[in-house]
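I opened my notebook to look up a few residues and to see what surrounds them. My entries follow in the order in which I made them.

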Amino acid sequence: MPAWSPAQEAEVDQPEITVVIPIEGMIERGLLYVVRRGVDEALAEGAGAIIFDMDTPGGRVDVTEEIIRTMIDLPDTIETYTYIDKDALSAGALIAVSTKHIYMSPGSRIGASAIVTQQGDIEEGDLKEKHVSALTALVRSAAEHSGHDPDVIEAMIRKDMKYEIDGDVICEEGRLLTLTNKEAARLVKRGETEGPLLSEGTAASFDELMVLIGRDSTMIQRIEITGAERIARFIELLAPFLLAGGLLGIYIEFKTPGFGVPGITGIVLLAIFFWGHNVAGLTGSVEMVIFMLGVVLLALEIFVIPGFGVAGITGISLILLSIFMAMVEH
């Protein structure tokens, strides 16, 4: 019989790891970085489970799709959970069904996932169907991969769908499906089997959830969002206004003699944009260096070199290039 080594003993004594990733507030590109950071940590640490601690009204569809694909690509050895603390609405519901297990707090909600724009419901016609069809296919695939009924989540996306199980109407045609914690945990029959509609149960708190799923003895590593990251996520929400204001300020500056408030304002707004993107993990040092080099060349053109020539054109070109690089996902 082989001797028992200290390395084996340390391996046995080491508790299993559970990584908790917060899905809080609006879903935007800064949150995507937080999710990826958490998933990378879970893979590096050999975690046994990832839990989304969720309370969100929804957000960007493109970010939602990236998070869903990230969850689909996880190895089957990692159990995935979503704990809905209050709301998993719109994009939040779509992300929730990409995890294998869903639990909800008392009084929480999940659903109402129609695609909308900042102006309201997305345009009617073929373009709307194109967006809805593509998103629905991805979410149905995620639901099937995670073991959920894909028709449940499609009823949350499409108002023109009637959802029923064995003659029992869950959602009438003409409205989006939204479920309370009790409705989501309701037992329904699907053929010869019986199981919950969507949620596996209700937990009054996160600690109660850990006991319920049998992971209260594991080592919990919660991904913390720093204060700088919270500011950066807020800046990401304002990114279109910062970009528009920054470029407008620089444009006005070149149309007026001297150098004053418009130019300074434009550069400051663009600097805030790049700082926020850098902290949120959406840009790297390359974009920052290109932007700063463009600003330096622009300053040389304004304060040192008479007229407007190569330095000014190059500076503006570098600033625009850095903005383009910052907007493209790496």
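Where is arginine 215 placed? I noted before anything else that this is a predicted model, and then I found arginine 215 in the loop between α8 (206–212) and β13 (219–222).

Is arginine 215 buried or exposed? I looked up its relative accessible area, which is 8%, and because buried means under 20%, I entered arginine 215 as buried. Its side chain makes a polar contact with the side chain of glutamate 16, at 3.2 Å. Leaving out residues up to four places away in sequence, I listed Glu16, Ile17, Thr18, Gly48, Ala49, Tyr81 and Met210 as the residues that arginine 215 touches.

Next I turned to arginine 190, which lies in strand β11 (residues 187–190). Its relative accessible area is 28%, so I wrote down arginine 190 as partly exposed. Not counting residues up to four places away in sequence, I saw that arginine 190 touches several residues, among them Asp149, Val152, Tyr163 and Leu197. Aspartate 149 is 41 residues apart from arginine 190 along the chain, and I noted a separation of 9.6 Å between their C-alpha atoms.

Aspartate 149 led me to helix α6: at the start of α6, a side-chain oxygen of aspartate 149 reaches to within 3.0 Å of the backbone nitrogen of aspartate 151. How many of the eight residues of helix α6 (residues 150–157) are buried? I found that seven of them are, which leaves the helix mostly covered. The buried residues include Val152, which I had already listed as touching arginine 190, and also Met156.

Which residues of the largest nonpolar core touch the most other members? Of its 57 residues, I noted Ile21, Ile110, Met156, Tyr163, Leu177 and Leu198. I followed isoleucine 21 further and, leaving aside its neighbours within four places in sequence, found contacts that include Val34, Val35, Ile50, Phe52 and Ile223. I also entered a second, separate core of 14 residues, which includes Ala239, Ile250, Phe274 and Ile319.

My last entry concerns the surface, where Met26, Phe234, Leu237, Leu238 and Phe241 form a nonpolar patch with about 500 Å² of accessible area together. I found methionine 26 in the loop between β1 (17–24) and α2 (29–45), and with a relative accessible area of 39% I put down methionine 26 as partly exposed.

Note on methods. Residues numbered from 1 in each chain as written. Predicted model: local features only at pLDDT ≥ 70, side-chain atom pairs only at ≥ 80, totals over all residues. Heavy atoms only, no water. Helix = DSSP H or I, 4+ residues; strand = E, 2+ residues; numbered from the N terminus. Buried < 20%, exposed > 50% of the residue type's maximum accessible area, 1.4 Å probe, protein only. Contact = heavy atoms within 4.5 Å. Polar contact = N/O pair within 3.5 Å; in protein donor to acceptor, adjacent residues only side chain to side chain. Patch = residues over 30% accessible without salt bridge, like charges linked within 9 Å, V, L, I, M, F, W, Y side chains within 5 Å. Areas by Shrake-Rupley, 256 points an atom, 1.4 Å probe, with all protein chains shown as cover. Salt bridge = Lys/Arg side-chain N within 4 Å of Asp/Glu carboxyl O. Core = buried A, V, L, I, M, F, W, Y, C linked by side-chain atoms within 4.5 Å.
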